[in-house]
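Hi there,

Here is the structure I promised to pass on to you. Have a look at it first, and then read on for my notes on what turned up.

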Amino acid sequence: MTLAQAVQEFITQNPLASILAFVGLVVSITFLQWGSDGPPSIPEKIPFVSNTYLVLTNLQEMARKAAKYFQGGKIVKYHLLNKTVYVVRGQQNMQQLLRGSPDLGSEGFILDVMKGLFAMTPSDHAKFVNDKSGRLKTPNPGTEATPVRYWAAIHYLYYDYLTAPHFASALATKFNVNFSAQLETQPLGEWTTVRIQKFVHTHLFHAAVVSLCGPRIFELNPDFTEVYWEFDPYAMMLCYVPPRWMARKAYQTRARGMAAVERWLDAAWERFDWDDKEAVEADWEPCFGARFNRETCRWMKDHGFDKQSITGFILGVIFGLNGNSIPMVTWSLMHLLQDPELLAAAREEAVQVYSTDGNGSRDIDIVKLGKMPILQAVFAETLRLHTEVTIAREVWNPVVVEGYKIPKGAFIHGYAGLAHYDEEVWGKDGHPADEFWAGRHLVEVEKDGKKRLEFSSADRAGNYFPFGGGTGMCPGRHFAKQEILQTMASILSRFDVKFVEWVNLKDGTKSDRGPLNDEYYGAPSMPPDRDAKVQWKRLW
Ligand code: HEM
């Protein structure tokens with residue numbers, strides 16, 4: 001029996017003793033590095049456990065808890081597993097974190113994501129641990145001789161095939177075709193009753209996944225939609241690599257998700273013809289789907305990555321794609337349905353972005369859509385209120401923040417839950433920061449004697465970061481914006497919609513209240529904890 005097997009057997013037979021042993025270990029490790037100096041601490045009922053548990057299960061509550069202990073300052077500290085975390089707030093501190101610095105690394109958190117979410121094998125994980133050359137084209141000073149620059153390679157795969165305008169638009173165009181086909185499953189000219197969140201979980205999910213991975217993932221896994229939504233609530237928790245006893249369901253659902261993706265990956269390798277030049281150069285083809293997937297899988301295979309690591313990586317990207325955009329689409333539709341005036345203004349814009357060719361076929365103008373002020377304001381306000389993002393940086397060299405020396409190895413965190421709800425920044429014209437008000441992102445301008453509204457993103461630096469920031473900023477952000485705007489525009493222009501009532505997620509029964517952020521979800525996007533029952537009629 002190996003040592004690992006012996007430990008596993010002991011844990012299975014003595015779960016309570018194992019928990020106590022683990023807590024004791026964390027306490028000892030942390031005491032060794034914890035001095036009495038420094039900023040105020042966030043207290044906890046069970047030392048070294050309660051705050052960690054709160055971060056894993058309800059990050060927004062952790063942000064609210066942190067807010068109580070700043071004692072008028074802008075920095076507090078606590079323990080997250082065996083790490084010391086300094087939470088900062090305020091525009092200047094956030095700008096410093098987002099801008100990045102040679103003393104702060106964003107790779108530490110991503111290494112955990114690779115381990116916990118992507119289930120990367122230890123030897124593949126070590127490739128990133130050992131590469132100190134950074135993500136950018138120019139290697140960090142002193143690392144010029146690094147033989148393979150894994151961080152930079154992944155960064156530029158993201159940048160070249162996901163973020164770059166050509167590929168973001170190619171994905172958006174594919175999504176438009178796929179989502180239109182999904183909308184056409186709804187009867188034409190007939191009133192029907194649907195639940196918004198349930199609808200997007202099925203139909204938008206299908207359209208987005210086919211755009212990224214091709215249709216075969218559903219053919220090989222007819223239950224892929226259910227498998228994914230069982231895994232989705234645990235994905236963020238896995239990014240913190242919780243011990244298995246704390247997060248059994250998270251690891252089980254990840255295993256099911258990976259098994260489904262592995263079937264797809266095997267079929268893609270088997271069927272794709274690498275000698276077919278046209279397919280190799282295509283923005284999209286049915287085996288791997290989007291070029292981003294094809295290039296990433298090929299690069300990982302060529303660099304000796306295990307199939308498990310490639311599978312986990314693709315499952316992680318599927319989470320990036322859906323775990324964030326789908327809740328944001330749901331919330332934006334819900335907010336529109338609650339405000340008839342805003343709904344009418346948004347619908348007016350939505351109708352304008354479609355043109356007909358005379359044969360009755362309609363085409364969306366993606367560029368025009370991206371400039372519509374009301375739809376953009378709804379998008380921006382939805383992301384402000386419903387994303388809980390942590391900007392996490394590892395301290396590589398001691399830094400001074402708010403007069404405190406932060407030691408090497410500690411982490412500095414900034415929470416959107418503090419910045420996006422800051423009353424001083426966002427409270428305006430009788431609209432408190434916690435209220436949905438699209439007007440926050442609109443300004444009235446006068447041109448040629450005519451007044452009109454324009455979208456404004458002023459005053460955002462350090463106060464608004466739904467997509468994170470710096471070199472690690474979300475590579476899917478341009479596609480995400482197009483996907484969310486397109487979904488709003490296509491539903492508003494193609495359907496007459498009437499809100500019926502709020503319902504409970506589990507059984508669709510009437511709820512006695514409207515939706516709130518499901519804070520237990522993890523992050524970055526928090527879905528609504530209720531659904532909206534609506535009646536709608538497809539017009540075309
Ligand atoms: C409203 C929708 C979205 C939100 C709010 C969002 C937010 C985020 C945030 C906060 C991060 C971490 C950034 C950081 O560490 O500073 C991230 C990373 C990431 N996102 Fe998004 N995202 C969205 C949509 C998407 C879409 C549509 C895709 C894929 C097509 C995507 C793919 C990714 C990937 C692959 C990463 C990891 C990047 C890395 O490892 O460096 N996201 N996203």
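**Domains and overall build**

The domain assignment splits the chain into domain 1, residues 1-89, and domain 2, which is made of 150-411 + 438-538. Please keep in mind that this is a predicted model. Between the C-alpha centres of domain 1 and domain 2 the distance is 32 Å. How many residues of each domain are in contact with the other? On the domain 1 side there are 22, and they meet 19 residues of domain 2.

The elements that supply two or more residues to the domain 1 side of this contact are helix H2 (15-33), helix H3 (50-57), helix H4 (59-68) and strand E2 (83-88). E2 has the largest share there, with five residues. By residue type, this side of domain 1 consists of 12 nonpolar, seven polar and three charged residues.

As for the whole chain, it holds 22 helices and 16 strands. Its radius of gyration is 24 Å, close to the 24 Å that the globule rule gives for 540 residues, so the chain is as compact as a globular protein of that length. If you are setting up a box around it, the C-alpha atoms fill roughly 70 × 60 × 50 Å along the principal axes.

**Two sheets to look at**

Strand E2 turns up again in an open sheet of five strands, ordered E1-E2-E12-E9-E3, where the pairing is mixed. Strand E1 (75-80) and strand E3 (104-105) are the edge strands; each has a single partner strand, so one side of each has no neighbour in the sheet. E2 and strand E12 (residues 411-415) run parallel and are joined by four bridges. Within that pair, Val85 has Phe411 of E12 as its bridge partner. Helix H5 (residues 91-99) packs on this sheet and touches E2, strand E9 (390-395) and E12. The direction of H5 makes about 115 degrees with that of E12.

The other sheet is open too, with three strands in the order E4-E16-E15 and antiparallel pairing. Here strand E4 (191-195) and strand E15 (495-504) stand at the edges with a single partner strand each, so one side of each is left without a neighbour in the sheet. On average, neighbouring strands of this sheet are turned by 25 degrees against each other, with direction ignored. E15 and strand E16 (residues 530-538) run antiparallel and share nine bridges. In this pairing, Glu501 stands opposite Lys533 of E16.

**Around the ligand**

This may be the part you open first. The ligand is surrounded by 26 residues, and the closest are Gly320, Asn324, Gly468, Cys474 and Gly476. Which elements give two or more residues to this shell? They are helix H16 (307-337) and helix H22 (477-494). H16 gives the most, with six residues. How does the shell divide into nonpolar, polar and charged residues? There are 16 nonpolar and 10 polar residues around the ligand, and no charged ones.

That is everything I have for now. Happy exploring, and write back whenever you like.

Best wishes

Key: Residues are numbered from 1 along each chain as its sequence is written. This is a predicted model: local features need pLDDT of at least 70, side-chain atom pairs count only at pLDDT 80 or more; totals for chains, interfaces and linings use all residues. Two strands pair if DSSP finds at least two bridges between them. Axes are lines fitted to C-alpha atoms, for helices over the stretch in contact, and angles run from 0 to 180 degrees between N-to-C directions. A residue is near a molecule or strand if its C-beta atom, placed from the backbone, lies within 6 Å of it. Ala, Val, Leu, Ile, Met, Phe, Trp, Tyr, Cys and Pro count as nonpolar, Asp, Glu, Lys and Arg as charged, and the others, Gly among them, as polar. Domain bounds come from an automatic or database domain assignment. Two residues are in contact if their C-beta atoms, placed from the backbone, lie within 7 Å. The radius of gyration is taken over C-alpha atoms; the globule rule is 2.2 Å times the number of residues to the power 0.38.
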